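The exercises below are meant for a reader who is meeting this structure for the first time. Please try each task with the sequence and the model in view before reading its solution.

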Amino acid sequence: MLKEISLFLESINDAIIVIDQKGIIIQCNKMLENILGYTPEEVIGKNIGVLMENEMSANHNTYLNSDDKHIRVLGKERVILGVHKDGTNVRLLINLSQFEDHEQTYYTGILRNFTNEVNNSDAAERNKELEEELRKKDLQIEQTISDLYSLYLNAKKAEEQELRDKNKKLESAIKELNENKTKLEHEIFEKKIAEDRLLIIQDEIKAALEKEKELNDLKSKFISIASHEFRTPLTTILSSTNLIGRYLPPDVLVKTEKHINRIISSVRNLTQILEDFLSLTKFDEGKINTQMQELNIIDLIKVCIEEVNVFSKKDQEFIFKNNIENPIIVSNIQSLKNVFINLLSNAVKYSFEGSKIYIHIYNDDETLYASVRDEGIGIPKNQKEYLFQRFFRADNAINIQGTGLGLFIVKKYLESLNGSINFESEEGKGTQFNISFKNEIEVPVT
Ligand code: ATP
Ligand code: MG
């Protein structure tokens, strides 16, 4: 009978192990070798723990020793982790049952290799998990797509808005540009009209200038003819008046001398005015005499003083000081005479009886410097800048005879002599004119 049982046990595909209450393997079939690598001889008499994971074996002992726990596991299939002889873990499906023999309790465990089944179920489980994961991923992807789409829509909206704004700006810029263009066209049109008007005015001015030039030419011609024509009779009047004065008996002369002198002074005045007008015409026509010659500058000044002294006021005194080693210079006599006579006659005219007039002359290598100072009425501060203008006369000189041409002519003459003029003056105290001109020593004497 035992033999049949043994054969039966060997015919079963599962490993069957019988243990006692202490966990000692009492019996097992050969299938154990297929599942865990041990032959029955190798494990019989050993604790069931050799076939299990440490933790499991500990638990197993506990199960066996704990009443309610081992009751719970009895008759139920469980998966436990067994240890193969080669040390690897093997999942085992175990079904425990118990039986009694002579008051001893034995436990029978039917073990089946569960690795594949477990794997299959694991795979199913995994598939499920994967499906779940996939589903979640799908959801995530859907969410992401929807998020992306709404992002795209927002971006598109913003872009469209930006485009609309840009268009608006562009439109207003174009509008502004068009307005500016119209404005500019208008301005160009107006400018054109103004230019045309300017051209017409220019033509008118040109015509007026030509007319004025013609008139000026005519005036100059008249002045120069008149001056020439006046000169001879004036010289005759002057010399005849002098002769009359000389031939008159002394008793008559006493009575008439005052009148004779008046005639002489007026004729000289008239002659000077004619000289000035003639000079002016010469300047305007560029016909100024620039001929240079050797002259004695001290003698020339003395002659001028004498000429002016004739019509000087009572007790006016000329004080002439010179610091010149060699008075022989090269210049234009007529121009210099004109300059000094004008300055000296101004000094006489615009100062008082008994006043002094100081003349000083000095030089350096090639330039001569002269000054004419008086103690007269002076020049008002606010009119100094106009002094050398043609026909200018200061307010405080209105009651003194003059045409306002003298200084203008003096300046022109000095410029023609490479010289210059300036002045210092205080109203009520006096005036000093300072001039300079070149000694043209290099110029060949003619
Ligand atoms: P003329 O043409 O007969 O010389 P004018 O003496 O008035 O006339 P300028 O010699 O050009 O003319 O002088 C211009 C003005 O300058 C004078 O009218 C006078 O107001 C002022 N002026 C010139 N010299 C003196 C001076 N020495 N003292 C004060 N004022 C002067
Ligand atoms: Mg003068």
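**Exercise 1.** Find where Phe391 is placed, and state how far Phe391 is exposed.

*Solution.* Begin with the chain: Phe391 sits in the loop between strand E10 (367-374) and H10, where helices (H or I, at least four residues) and strands (E, at least two) are DSSP runs numbered from the N terminus. Next, look at the backbone, where Phe391 has a positive phi of about 70° although it is not a glycine. Finally, the relative accessible area of Phe391 is 46%, so this residue is partly exposed, a class that lies between buried (under 20%) and exposed (over 50%), with a 1.4 Å probe and protein chains only.

This is a predicted model, in which local features need pLDDT of at least 70 and side-chain atom pairs count only at pLDDT 80 or more, while totals for chains, interfaces and linings use all residues. Residues are numbered from 1 along each chain as its sequence is written, chains are lettered from A and ligands numbered from 1 in the order in which they are written, and side-chain values use heavy atoms, with hydrogens and water left out.

**Exercise 2.** Describe the loop position, phi and exposure of Asp315.

*Solution.* Asp315 belongs to the loop between helix H8 (297-309) and strand E7 (317-323). Its phi is near 65°, a positive value in a residue other than glycine. With a relative accessible area of 57%, Asp315 is exposed.

**Exercise 3.** Which residues are closest to ligand 1, and which polar atoms lie by its nitrogen and oxygen atoms?

*Solution.* Start with the shell: 22 residues surround ligand 1, and the closest are Asn346, Tyr350, Arg393, Thr403 and Leu407, a residue being counted if one of its heavy atoms lies within 4 Å. Then turn to the polar contacts (pairs of N or O atoms within 3.5 Å). A polar side-chain atom of Asp374 lies 2.9 Å from a nitrogen atom of ligand 1, while polar backbone atoms of Ala394, at 3.0 Å, and of Leu405, at 2.9 Å, each lie by an oxygen atom of the ligand. Taken alone, ligand 1 exposes 590 Å², of which the protein buries 96%, with areas from the Shrake-Rupley method and a 1.4 Å probe. The elements that give two or more residues to the shell are helix H9 (333-349), helix H10 (406-416) and strand E12 (430-438), and H9 gives the most, with three residues.

Note on methods:
A polar contact is a pair of N or O atoms within 3.5 Å; within protein, one must be able to donate a hydrogen and the other to accept it, and residues adjacent in sequence count only if both atoms are side-chain atoms.
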